[in-house]
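Reader: Please take one small part of this model, look at it closely, and then work outward from there. I am in my first year, so plain words would help.

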Amino acid sequence: MIVEYHRPRTLAEAIELLQRKQPRTYPLGGGTAINFKTEEPIAVVDVQALGLDTLEQQGQLLQIGAAVTLQQLIEFPGLPSALGDAVRHQATYNLRHQATVAGTLASADGRSPFGVAMLALDAQLKLIPGERTVSYGDFLALREEFLPGHLITMVTLSLQAKLSYEYVARSPADLPIVCAALARWPSGRLRLALGGWGKTPTLVLDGQGQEGLRLAAQSAFSNAADEWASAEYRSHVAGVLAQRCWQDLGE
Amino acid sequence: MEISLLINHQKHTLKVSPHETLLNVLRRLGYYGAKFGCDTGECGVCTVLVDGKPMNSCRILAAQAEGHVLETIEALGEHPERGWKQTEGLHPLQQAFIESGAIQCGYCTPAQILAAYHLLEHNPNPTEAGVRDALSGVLCRCTGYLKPVEAVLRASAMLRGEAVPPLAFGDRELISLPLAPEPPGEEEVPDFPSGEVRTKTRILPKVIFSPQVPSHLRVGKPEKKVDAIKLAQGKPAFTADFEMRGLLYAKVLRSPYAHARIKRIDTSRAKALPGVAAVLTWQDLPRVVYCTGGQSDPIPGPLDTFSLDNKVRFVGDRVAFVAAETPEIAEEALKLIEVEYEPLPAVLDPGEAMAPGAPCIHDEPEYVNFGESDPTRNIAARIRVDIGDVEKGFAEADYIFEGDYEVPKVHQAYLEPHVVLTYWDEDDRLVIRTSTQVPFHVRRILAPVLGLPVKRIRVIKPRIGGGFGGKQEVLIEDVAAHLTIATGRPVLYEMTREEEFIAARSRHPMRLHLKTGVKKDGTITANAMYVLSDTGAYGSHAQTVAGNTGHKSMAIYVGDGEYRKNPNIRFYADIVYTNRPPAGAYRGYGAPQGFWAVERHMEKIARALNLDPLEFRLKNALRAGEIQPFSIAWSEGREPRPEIIHTCGLEECVRQGKAAIGWDQKYGNPEWHRVPGKPHLRRGIGAALVMHGTAIPFLDMGGASIKMNDDGSFNLLVGATDLGTGSDTVLAQMAAEVLGVELEDIIVYSSDTDFTPFDKGAYASSTTYISGAAVVKAAQQVAERIRIRAARMLNQQADGKGEISPDSLVLREGRVFAPDGRSLTLREIALNALHHEDQEQIMGVASYYSPVSPPPFAAQFAEVTVDTETGQVTVDKLVMAVDSGVIVNPLTASGQVEGGMTQALGYAVCEEMRYDAQGRARERDLRNYHIFQAHEMPELETIFVETFEPSHPFGVKAVAEIPMDGVAPAVGNAVLDACGVNIDSNPITPEKVWRALQAQTQRRQNE
């Protein structure tokens, strides 16, 4: 249960609150992902007054304030259209107006289309204190270590990359059974991420050239079984979707 | 903590807890337009505008909202006429929702309107896709979204100042049957990437009229729903919106085990928690065995349920009840109840339930058998129906086709959870205000459970936020009632969405085996079905649901020629107990399960014999003039009596449906099946024919009373239970037709066991037919009294010149007309009757039950695209052409069809409830239990093929359930058509299709 609510005006105040030992204190973005009924008493630090809701393009970089909502993001004119698709698949209209970019990324599980797309795009998160920048992939791997006592202030995205997003689901707006996002930079760099399974989105490859893309996707999901689909199926579909993303980018 | 909130331009300063949600605070302050639906942000019925943006108030902390501008539906508009005070009236969005039939139960309406409001503020000229996106965050289980989308588009035109054409409220076009189908237009076949919106909206359905149908003034018109204005304003019309001083909140402790004995239960710590008013366990309550299924007396099922027991039979079963000053305290108290369980071996697979040595789920000595129930073998009910001689029929067949099919457990997913409020009134009578489809059954069934006589219980049914059968159950009323009895205080019990999934009712999962004998020419010689149905831990609707599976799906194909006269049909069912949550009633009531098997099976037979699938079906299908074969064999355990089918528009439904979906251009056309540039995609088209019933004959009864007021208006009191379907409206239309008045002169009230006549409730597709006939009879009595008095008044005026007889008078336009053109207003007659001379209350009371259950018939069509590499199925279009007799209100009736098709679409592709090896549910929220959203809908098309059913004064038959029956098999057949694989268990998930395709490839390689 949430036992304390804070709305600090400065980042320093926020960090001070987040670094307390008791009660455990979490940043609160929109509130869509915080479980209001946690067993343990928790405190929340609402980030709405911290000025983190700016969205700016600097050269080829998109600087997304942590408190920017998913709706603000998809309304940004230069956004890759496939990222918009992933955001729409992530959340419906109401939730997009409420959920923040950082909150959605911080809480993403494997079935998060936005998380998968941002992992493919190699989004960078800026955390304080320490002004530290970590890639979303590193963050996901060590989420339990990175988050306590820290606050994401900014998410940075390269607008140079082209993105393709594909998924399979029982209905068009259902959670993905498998989804794939493939980003390609003008340099030829390719990043493939998969979702639909697991505790976090899965990074499949980050490299040059598409040889082995399908195989890499298949093997990344070769054990991806849960109550929703078998690993055999997911592995096959991961390969198909990876290939389709590649074709989509090629055209 | 203290906060200030600016709500609808008004500042509120109040104390809140840090965890308190904005939804909670809004409702606390009396803003009831924001509803509780899920508490996890999935359903959106709690939408409010925060700084103009639609957000889910259940996911916003009240403290978060401080400093923001909050607006609720209450700020948007109000009733245009409020006595002497002028108001600005309703907002164009509210008007459009009312006029377009976009409001069914109305529980999600305020949220939809607010989301649309935000859209139109930012984009005055949205596309349909834009509207669908804006509504994507608000789930609606009633409408299929078509009419809400259209309403927003109409409102946008109104707000732009454009002339919006009225709905086609004019006279109906008369077309003779049979009708040559319209040639299909030159329609482009667009290339749809998955997920893209593609519904063209049309508010009013196509109606094919029969010359037998007389023209009426009110019946047959797309009248606005009588409850729409209040629902569009978000008025406190639902159970949970009722305020009560000293209210306690109930919570239920639920079992973590699928099967266990409670060895010890200690509530002392819970009771000691400050704010806890009562904690009840099985030790506190009298041990009264009953059945929770809301059906007529005698209950057609075993008595196997206790309010609380010393044994739990599924994960989620009740262990204890708590009432406390706040929901949070009640929840805290649940954690303090100490329970020692002795886990017992569980039966989780229905196939193992009857096996020798299987654990016995119902070993309580109080168990009362019904029919062939046998708790020692976990049999809740058995059905054995033999019509004709099936073995002889098989012997005469050229081919025998056998097949196994399976259907899943699915949830009704009404947006308003089960909710009940109980209190003692000043006469010490127990008032139960509850979200139910069966108020009279609640009263009768609960009386012995509570130790009260029926006369000391009053059940009130306010507006209901959808039920679809899930509320044809006495599911939670006893929880609040026991706690009110224990504490003497009012108690509110509102189920959480998780409780809805783990502990409410659902559609029976079934395994079905079919065996069909067919001659070379396609004549069916015999048809046999065996069903293994899983009722879960309790047998509430065990027997009747499975009975209906046979009664509908096995009745439609009787065979042809000699077989048509003497069909050979067998229907056997075993309905078993398992340690899974109980199944119950859900729209269709067993028929969708049966039709999945029958219609998939018929498709395979037609294809194997190289026959046209629709001609093959029609050749063997039931026709007008024939006997409903089950009517001579089975009637829910009562004496069966033969029923002749008087009306059957099935052939015309097929003709119309084929034309609408372009069957002749698509079926068997290889070109159409391919998608240019997308070699992995295959299109397919499929159909299913279905029939249903209209009420239960010789059983279902509805009553109505009508009284006349001083101004010539009428109060119509009905026990019939409008749960969002619009039944209040169609009943009022029938009364208005008979009494010759506008719909607004009929004030409808439903239902209250103290004030309204008995009605068995809203189920079995019966209200328009049964309760409607009662309304017509009551209205005719009133009309007769009006005519007698009017004749006397006119004769007095005429001073003995030209005696007028009452029979010659006509009620029309709020007046009574004599043949010579003289007339009186109803007001004049009412004042005469109530005040002036020979005073009387002009009123009528009538009831009706039916000796027959005339079946509606329908042809349902589906068009799909299958991704052959992933198995993903995208449903592109659904068409339903239905003979529901005369349509009283095409707006509400088509809303029933669209909503039903949408639920059935979920049954086809995505809805199911699964359990792990410990019996724990996979689906516990609306994230994992996916129901279709506004922006992912296929195109929907509804066509009514009218027939005049002679057993009803206005010729009506049922419409509510039949849309549920044929969509899933039509989609299954379309998948077969697209890629040649048979999926015999729904939902048709991508992995199932992919596996079937893999097996097909393997087979081809082996050949």
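**From one residue pair outward**

Author: In this predicted model, Ile208(B) has Val945(B) of strand β34(B) opposite it. That pair belongs to the pairing of β8(B) with β34(B), residues 939–945, where 3 bridges hold the two strands in the parallel sense.

The two strands belong to an open sheet of 5 strands in chain B, ordered β8-β34-β33-β32-β24, and its pairing is mixed. The two edges are taken by β8(B), residues 206–208, and β24(B), residues 681–691; each has a single partner strand, so one side of each is left without a neighbour in the sheet. From one strand to the next, the twist averages 15°. In a regular strand, side chains alternate between the two faces of the sheet. A helix also meets this sheet: α24(B), residues 890–909, lies across β8(B), β33(B) and β34(B), and it runs at about 140° to β33(B), residues 873–883.

The next step outward is the division of chain B into domains. The assignment gives domain 1 (2–75), domain 2 (81–176 + 214–232), domain 3 (240–344 + 412–502), domain 4 (648–691 + 853–949 + 958–1007) and domain 5 (701–849). Take domains 2 and 4 of chain B: their centres, taken over C-alpha atoms, are separated by 27 Å. Where these two domains touch, 21 residues of domain 2 are in contact with 20 residues of domain 4. On the domain 2 side, the elements that give two or more residues are α4(B) and α5(B), residues 146–159. The largest share of that side comes from α5(B), with 3 residues. Sorted by class, the domain 2 side has 8 nonpolar, 6 polar and 7 charged residues.

Helix α4(B) comes up again where chain B meets chain A. That contact takes 43 residues from chain B and 29 residues from chain A. On the chain B side, two or more residues each come from β4(B), residues 53–56, from α4(B), residues 128–134, and from α26(B), residues 990–1006. Strand β4(B) supplies the largest share, 4 residues. The chain B side divides into 16 nonpolar, 18 polar and 9 charged residues.

That leads to the partner, chain A. Chain A has 10 helices and 12 strands. Its radius of gyration is 18 Å, close to the 18 Å that the globule rule gives for 251 residues, so chain A is as compact as a globular protein of that length. Along its principal axes, the C-alpha trace of chain A spans about 50 × 45 × 30 Å. Of the 251 residues in chain A, 54% are buried. Of the contacts in chain A between residues at least 6 apart in sequence, 59% join residues at least 24 apart.

The domain assignment of chain A gives domain 1 (2–46), domain 2 (55–158) and domain 3 (162–250). The centres of domain 1 and domain 2 of chain A are 19 Å apart, taken over C-alpha atoms. Their contact takes 11 residues from domain 1 and 15 residues from domain 2. On the domain 1 side, helix α1(A), residues 11–18, gives the most, with 4 residues. That side has 6 nonpolar, 5 polar and no charged residues.

Chain A has an open sheet to set beside the one in chain B: 3 strands in the order β1-β3-β2, with parallel pairing. Its edges are β1(A), residues 2–6, and β2(A), residues 24–28; each has a single partner strand, so each has one side without a neighbour in the sheet. Neighbouring strands here are turned by 25° against each other on average, direction ignored. Strand β2(A) runs parallel to β3(A), residues 42–46, and 5 bridges join them. Within that pairing, Thr25(A) stands opposite Ala43(A).

One more strand of chain A completes the picture. In β8(A), residues 151–158, 6 of the 8 residues are buried, so the strand is largely enclosed by the rest of the structure. It pairs with β5(A), residues 61–65, in the antiparallel sense over 5 bridges, and Ser158(A) in β8(A) is the bridge partner of Leu61(A). Strand β6(A), residues 124–128, is also joined to β8(A) by 5 bridges and also runs antiparallel to it. There, Thr156(A) in β8(A) is the bridge partner of Gln124(A).

Terms used
Residues are numbered from 1 along each chain as its sequence is written. Chains are lettered from A and ligands numbered from 1 in the order in which they are written. This is a predicted model: local features need pLDDT of at least 70, side-chain atom pairs count only at pLDDT 80 or more; totals for chains, interfaces and linings use all residues. The radius of gyration is taken over C-alpha atoms; the globule rule is 2.2 Å times the number of residues to the power 0.38. A residue is buried if 20 or more other C-beta atoms lie within 10 Å of its own, exposed if 12 or fewer, and partly exposed in between; C-beta atoms are placed from the backbone. Two residues are in contact if their C-beta atoms, placed from the backbone, lie within 7 Å. Ala, Val, Leu, Ile, Met, Phe, Trp, Tyr, Cys and Pro count as nonpolar, Asp, Glu, Lys and Arg as charged, and the others, Gly among them, as polar. Two strands pair if DSSP finds at least two bridges between them. Axes are lines fitted to C-alpha atoms, for helices over the stretch in contact, and angles run from 0 to 180 degrees between N-to-C directions. Domain bounds come from an automatic or database domain assignment.
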